[in-house]
Amino acid sequence: MSTHEPLTSSTATKVDERGRLSRLARHPVTRFVLVRGILHTLVVLVGVVVVTFGLILLVPGDPVRIALGTRYSPETYDALRAASGLDQPVPLQLLHYLGHAFTGDLGVSFRSGEPVTTLLLERLPATASLALAGVLVGLLIALPAGIWSALREGRLADAIIRVTSQVGVSVPDFWMGILLITLFSSTLGWLPSSGYTPFSEDPAGWFKSLVLPAVTVGLVAGSIMTRYVRSAVLEVLASGWVRTARSKGLGERVVLRRHVLRNAVVPVVTIVGIQMATLLGGVIVVEVVFAWPGLGRLTYEAVAARDYPLIQGAVLLMGALFLLINLAVDVLYAVADPRIRQR
Amino acid sequence: MTDAIETRQDPADDVVPVAERGPGTLRLLLRNPVSLVGSVVLLVVVLAALVGPWIAPYGVNDTDVSRALQGPSGAHWFGTDDLGRDVFSRVLVASRVSVEVALVSVGIALVVGVGVGLVSGYLGGITDGVLMRVVDVVFAFPVLLLALAIVAVLGPGLTSAMIAIGVVYTPIFARVARASTLSVRSEPYVQASRTMGTGNTYVVWHHVLPNISGPVIVQTSLSLAFAILSEAALSFLGLGVQPPRPSWGRMLFDAQDFVGVAWWLSVFPGAAILLTTLAFNLVGDGLGQVLDPKRRTQLAAQAGGR
Amino acid sequence: MPNLTKPFKPSAPVLAVDDLRVAIHGREIVHGVSFEVPDGGCLGVVGESGSGKSLTVLSATGLLDIPGASVSGSSRLGGAEGDVRDRVEIVGASRRTLRSVLGRRVGFVFQDPGTSLNPLLTLERQLTEGPEQHLGMTRRAARQHALDLLDAVGVPDPADRLHSYPHQLSGGQRQRVMIAVALACDPDLLIADEPTTALDVTTQAQVIDLVRSMQADRGMGVVWISHDLGVIGQVADEVTVLRQGEAVERNDTLGIFDAPQHDYTRLLLDARPVLGHPRRMPEPAPQPLVGVEDLHVTFTQRADSGTRRILAVQGVSFEVPRGTTLGIVGESGSGKSTIAGVLTRQTPADSGSVRLGDVDVLAAKGKEGRDLKRRIAMVFQDPFAALNPRATVSRSISEPLRVHHLLPKRDVDGRVRELLELVELPADFAERYPHQLSGGQRQRVCIARALACDPDVLILDESTASLDVSIQAKVIDLLLRLQAELELTYLFIAHDLAVVEQISHEVLVMHRGRAVEHRSSAELFADPREGYTRSLLAAIPPVRPRAALG
C-alpha cells in the first residue's frame, strides 16, 4: 500500500505505512484479534505450566533422593526438599509453582543451588544467536530455492530442489555438524570446531564460532522452509488474481512481486515463526556437538545430573517462547491481511 | 433416452474413462521414480531390520583390539571402531531397534492422536475447545526438548524413548485428523447421511474414517521419518537405546572422539539414519500426491496419456 | 463440419481464429476450432461442461497457463481499422508480444469475482497497474483514470471505493470492478468468461446491461463465454456452439435460435428451461401433507468482528398437498435452504410449527423422530460431493436401508437393483465408485438413495442447478415420472424460475427470510403481484434473443 496523498477529505479508509501500527492497535477488530490471541495464549500458557509441573510427579520414586545420589546427609536432603517445596501436598505445590512461574521464579537448581531463572537467562543469548543465525541461513536458502522451485513446477530444477530439500529434511543435524567439523576444522582448519566466543569480547571470534553451528542448523531449517515456501507460492500462483494480473499484460516480475510473493508472505511468516521457536528449543544435540554453551547443553547437563527444577525451567521457558512467537505471528497476520484488519 | 451423451460430455470422463478405475494407488506411487527409489530403500531397511542379526558377518560386540580403527576393506566393509568391532555389522543390526522404536512410538501417536482429533473435529463445541487446548499445550513444547524431559523423568531406556517420541508426535496427528474430520464433516455426503437419521458411530466409521485416511497415512509416513531422527538424537545423548545394544545415534556419539582420525565411524551410521529417514519422507511425499484426489486425477491423466 | 453456415461479416474482424487446436500432455482437447469476432460486435461461445469453451478462447488470446498445453493453428488479432501493422498472431507469439497485447488490446473478466481480485491490494492499485504499464500514465493520472473507470462501471462512491479492498464489496460490485480493470486500457476486445454465472439473476441482468453499454460506448469487440443460451441470446450478435472441443455450428444469433442446423444446437435449445412452458396443471388440492406455520429461524454468526444474529426465516407459512410440488424460489441468502434444514431436522427452529401429516416435526422424539427421517428425504445440489467417494453406488444407495434396518441383509441387493432401474441406470452400476460416473449419473444415484426408504416427501435443494442443461432436462423428466408413479410430494428449492415453473404446482417466493408471494404456479408466472417477484421475472433473460426484439 502506497503512501499516497489524500484524494478526498475523507480519511477514514486511508492507510499509510508509518501510522499503521499505532492505528492498528486502536482499531476495534485488530484489538479483538489481539485480545483473543492474548487470552488464548494465556490459557495455553497455564496448561504449559501445569504440564511442566506435572513432569516431576512422573519421576518414579523421590526426585530429591534420586538427584542427590547415594551420599547425602539428612540435613541436605531436608533443606533441598524444603527449598523446592516438595514437602508440601501436591495441589499446594502446583499452586505455588503456578504463582512463582508467572512471577519468573522457577525454583532453585538441585545441583548448584542457584535460581533456575538466572541459569536459564545466562544461557539464552547463546541459543538465541544460534537460532536467529540458523533461521537467517535457512531463509537465505529457502526463499530463492522455494520460489524458484514453485516457478519451475514440474521441471528439472523443481525436481532437483525438491529431492535436495528432502535430503536436507532427512539429515540428522548432529551428523551434519560432525561432518562439517571433520571437513572445516579437523581437515581444513578454517574454523573452530567448538566453543562460543561472546560478541562483547571478540566480534570476529563470535562470528567464526557461530558459522559452523549456524550452517548446520540453517541447512536443515532451510530445507524445511523451502518446502513451505514452495507450496505457499504454488498456491498463490494458482489463484484467480494472478491470472487477472497476467491478463493485464503485466511483466512477470511485477506479477511475481506484487501479486504472488506479497500474498505468499503471510503463510511464510508462520513457518518462519515456527522454525524460530523450534530452533530455540531444538538445537540441543547441535549444541552438544559444538560444545555451545546454550540452553540445549544446559538441559542436557541437567538431565544427566537429574536436576529436575532446571529441566522443568528449560521446558517451561521454551514452551512459553513458542507461544509468544506464535502470538507475534498472529498479530503480524492481522497487520498484513486487510481481510482481518478491516471488516 | 439413455445417458450415452451425458456420459461422454462429463468433464471427469475426459480424464478417467468411465469403465475402468484408473491405476491403483500403489501403481501410481511406483510410477514416480523418486517414490520408487524411496520404496526400494525402505524395503531394504525393513529387510535389514528383520534379518540383520542373522546375516551380519561379525557379532556386534565382538571386540578385537588388534583390528581397532581400520578403514573400510574387503573384510570390514565399513571399517572397525576403536574396540575393533565391525561397523557394518553394527549398522546393520542397529536398524532393527530404530525401526522398532519408530513403529511403536508412531503407533502410539497415531492411535491417540487420530482418536482425539476425530472426536474433537466431529463433536465440535466445548469438547473440541478443551481437547484442542490440551493439544496446543503439548504442541507448544519443542519436540526434542519435551522428549528429553520425559526420558529424563522416566529414566533412560528403550521404553521411555518410545513413550516420549509417541507423546511428542501425538499433537500433529490430532491436528491432521481434526482438520480432515472438519472438512469431511461438512461434505454433502455426510449431511445427506445425517438427514437419513444416521447415528454418529455409523457416520464416523463409514464416512469420516475412510475419507480422512489419506492425510493420516501421509502423516504416518512423515512421522516415521522424524521418529527415526528423534530416536537417533536421544540415543546420541545416551538416553535412548542403551549399550551393549548398538544404535546409530550412539555410534555417532562415540565417533566424535575420532573426528579427523576415522571418518568411517561417523559417515556410515549417519548415512544409515539419513537413508532411512529419506526413504520414509520420499514415500510420504509420494503418497501425499497420490492420495490427494485433485493431484490423483492429474497423475492418472498423465499416466493414461502416455 | 457439415452444418456450418457462413457467418455474417460486416467488417474486418477484431479476432480471427483459424483451426485452433489445443493439446494437453499430448491429448487433443480442442480439435480445430475457427471463429471470428466482428469489430464492435459480440461473439457468444456456448457449450456445456467439457466443451472446451474457456480453453479455446483463452488459448486464442494467449492467456492459457496450463502446464503441458500446446496450441497450434492461428489466432490473429486485427487492428481496429484493419491496419496491417496492428495485426498480431497470438499462437506462438513471444511473451513480450503477448504482454503488449494482454490488458492493452484484450481485457478479461472471469467467472468468480471473489478470487479474481487480489485480496491484499486496494482497488486503486489493481486499477492503475494496467494503465501505468501500457499507457505510461503517472500515478496521479492513473488514479484519476481509475476514479473515472469506477464511476463508469457504476460503483457507488468511487472516490471512497478506490481505497477499499475487494472483501469490502458485494459480489456484483466486485464483478463491476473486474470489468473496470478489463477496460482500463480501452482494449479492442473484451473476453468475458462466464462473468455472470456466480451472480444472482438480478445482478446478472445488471452486469449484462453494463457490458452491453460499455461495448456500445467504446465500440469494442466482445467474446462472451457461457453455458446459458438465454444469456448468450441477450448479449451476442453471432454464436459459436462448441461441443467436446469442436465448433458444431456458427451463425448469427437469430439464425441459431430460429433455424438451428445441428442436432446438438437443437438439443441445447429444446433442453433449456424456458419461462411460459408449465408442464403442470393446477389440480384439485387433496389433504395437505406438509404444513408449515409461522416459522422463525435465526442463526448466530461468529466472526472476528463480533457476533451477529441473522434472521434467516421470518414467519413463513405454507402447505403442500400430497403428490404435488411446491417450488421455493429466491436469491442467495433468502432463507430457502434454511427451510429444508428445518424439515430435515438439521436446523433448529425458533418458533412456529411444522407438521408432516399428523406428526409434529419439531417436537417428534424417539421412534417417531427416526420415522420422520425416513419419510422426508433430500437430494442435494452438488452430485460430485453428495456421494462418499470411497463407497460403491450400492453401498451409498443402501445406506438408508441399513440405517433404518428396513430390510433383511439378503434383500438389500435386490432393492438396490430395483432402485437403479427406477432411476434408469444399468444394474451393473451398483459396484461402481462415484468417480466413475458422470454428474447426471451421480445425481440419479442420489435420487435413488433418497427413494430407498419409500419417503413421502422429497426435498430437492437446487438438485438440478449444477447439471448441464441437456442433463438437467432429463433429470427433470425423471423427477416428474417418479412423482406420478410413487405419489411423491416435492419441495423444489431453486433459483432458476423457469425450472421451477416446469415442475411446480405452487410456488413460494422468498426474499430476505420472508415469503413475499405464494400462489399456484400458473397464476404466479402469468400475473406476478409483488414487486419483488416481478423484478425477479424481469431479470430472467427472455426466451427470444435480443436480436429478435430489436
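Here are four worked exercises on this predicted model. Residues are numbered from 1 along each chain as its sequence is written, and chains are lettered from A in the order in which they are written. Local features need pLDDT of at least 70, side-chain atom pairs count only at pLDDT 80 or more, totals for chains, interfaces and linings use all residues, and side-chain values use heavy atoms, with hydrogens and water left out.

**Exercise 1. Describe the interface of chain A and chain B.**

Step 1: start with the residues. The contact (heavy atoms within 4.5 Å) takes 46 residues from chain A and 41 residues from chain B.

Step 2: turn to the area. About 3,800 Å² is buried between the two chains, and carbon and sulfur atoms give 79% of that. Buried area here is the accessible area (1.4 Å probe) that two parts lose on being put together, summed over both.

Step 3: look for pairs. The rule finds two salt bridges across the interface of chain A and chain B, a salt bridge being a side-chain nitrogen of Lys or Arg within 4 Å of a carboxyl oxygen of Asp or Glu. A:R162 forms a salt bridge with B:D285, with the closest N and O atoms 3.4 Å apart.

Step 4: sort the residues on the side of chain A that touches chain B. They divide into 32 nonpolar, 11 polar and three charged. In this sorting, Ala, Val, Leu, Ile, Met, Phe, Trp, Tyr, Cys and Pro count as nonpolar, Asp, Glu, Lys and Arg as charged, and the others, Gly among them, as polar.

**Exercise 2. Check the length of α7(A) and find what covers its buried residues.**

Step 1: compare spans. At 1.5 Å a residue, the 15 residues of α7(A) should span 21 Å, and the end C-alpha atoms are 21 Å apart, which agrees. The expected span is 1.5 Å times one less than the number of residues; helices (H or I, at least four residues) and strands (E, at least two) are DSSP runs, numbered from the N terminus.

Step 2: list the buried residues (under 20% relative accessible area; exposed is over 50%, partly exposed in between; 1.4 Å probe, protein chains only). In α7(A) they are A:D158, A:I161, A:S165, A:Q166, A:G168, A:V169 and A:S170.

Step 3: find the cover. It includes α6 (116–151) and α9 (203–237) of chain A together with α10 (200–236) and α12 (263–291) of chain B.

**Exercise 3. Examine the backbone at B:P244, C:H25 and C:D157.**

Step 1: recall the background. Most residues other than glycine have a negative phi, and most peptide bonds are trans.

Step 2: take chain B. The peptide bond from B:P243 to B:P244 is cis, with omega near 10°.

Step 3: take chain C. C:H25 has a positive phi of about 50° and lies in the loop between β1 (15–24) and β2 (27–37). C:D157 also has a positive phi of about 50°, and its loop runs between α5 (139–152) and α6 (158–161). C:H25 is partly exposed at 40% relative accessible area, while C:D157 is exposed at 56%.

**Exercise 4. Trace two salt bridges in chain C.**

Step 1: C:R375 and C:D456 meet in a salt bridge (2.6 Å, N to O). C:R375 lies in helix α13 and C:D456 in the loop between α16 and β17, so the pair ties together parts 81 residues apart in sequence. Both residues are buried.

Step 2: C:R481 forms a salt bridge with C:E424, the closest N and O atoms being 2.2 Å apart. Salt bridges that share partners join C:E424, C:R444, C:R481 and C:E485 into one network.
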